[in-house]
Amino acid sequence: MNDLQINALNHFLHNGVVEVNFTKTNGDLRRMNCTLVPEYMHTKPSEDGGRKSNPAVAAVWDLDKDGWRSFRYDSVKSVVVDGREVSYG
């Protein structure tokens with residue numbers, strides 16, 4: 001994903017639920033329904049710097065697992081927003 005695509009994905013994550021399809025580090029394909037809308041979250045991300053920020057990684061709230069998960073932007077295969085799928089590489 002390029003910077004424009006990453007910015008668009010982050011915008012969608014902050015404004016609703018997004019289905020992200022990506023390759024996990026072990027090679028498995030994963031589909032995740034996720035968001036960054038606070039109303040969906042039961043906890044907030046740590047503001048005390050619990051983990052070091054990595055600009056190559058998105059930390060999101062996984063609605064199906066009901067917890068924080070992450071994925072690498074360069075592992076994203078496609079996203080679905082409002083029923084529309086966009087593929088990446």
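**Exercise 1.** Which residues of helix H1 are exposed on one side, and which residues of H1 are buried?

*Solution.* Start with the exposed ones: Leu4, Asn7 and Asn15. Here exposed is over 50% relative accessible area, buried is under 20%, and partly exposed is in between (1.4 Å probe, protein chains only). Helices (H or I, at least four residues) and strands (E, at least two) are DSSP runs, numbered from the N terminus. A word on the input: this is a predicted model, where local features need pLDDT of at least 70, side-chain atom pairs count only at pLDDT 80 or more, and totals for chains, interfaces and linings use all residues. Residues count from 1 along each chain as its sequence is written, and side-chain values use heavy atoms, with hydrogens and water left out.

Next, the buried set of H1: Ile6, Leu9, Asn10 and Leu13. They cover an arc of only 100° around the axis (taken from the directions from the helix axis to the C-beta atoms), so they sit on the same side of H1. That fits the usual rule: an α-helix has 3.6 residues a turn, so residues three or four places apart point the same way.

**Exercise 2.** Work out why the length of H1 agrees with what its 13 residues should span.

*Solution.* Take 1.5 Å times one less than the number of residues. For the 13 residues of H1 that gives 18 Å, and the end C-alpha atoms are 18 Å apart, so the two agree.

**Exercise 3.** What is the strand order of the open sheet, and what does H1 touch?

*Solution.* The order is E4-E3-E2-E1-E5-E6, six strands with antiparallel pairing; two strands pair if DSSP finds at least two bridges between them. Strands E4 (67-72) and E6 (84-87) are the edges, each pairing on one side only. Now add the helix: H1 (residues 3-15) packs on the sheet and touches E1, E2, E3, E4 and E5 (76-81), contact being heavy atoms within 4.5 Å. Its direction makes about 135° with that of E1, using lines fitted to C-alpha atoms (for helices over the stretch in contact) and angles from 0 to 180 degrees between N-to-C directions.

**Exercise 4.** Follow strand E2: which strands does it pair with, and is it largely enclosed or not?

*Solution.* On one side, six bridges join E2 to the antiparallel strand E1 (residues 18-23), with asparagine 33 as the bridge partner of glutamate 19. E1 and E2 form a hairpin with five residues between them, and glycine 27 in the turn has a positive phi of about 95°. E2 also pairs with E3 (residues 57-62), antiparallel over two bridges, and cysteine 34 stands opposite aspartate 62. Finally, five of the seven residues of E2 (residues 29-35) are buried, so the strand is largely enclosed by the rest of the structure.
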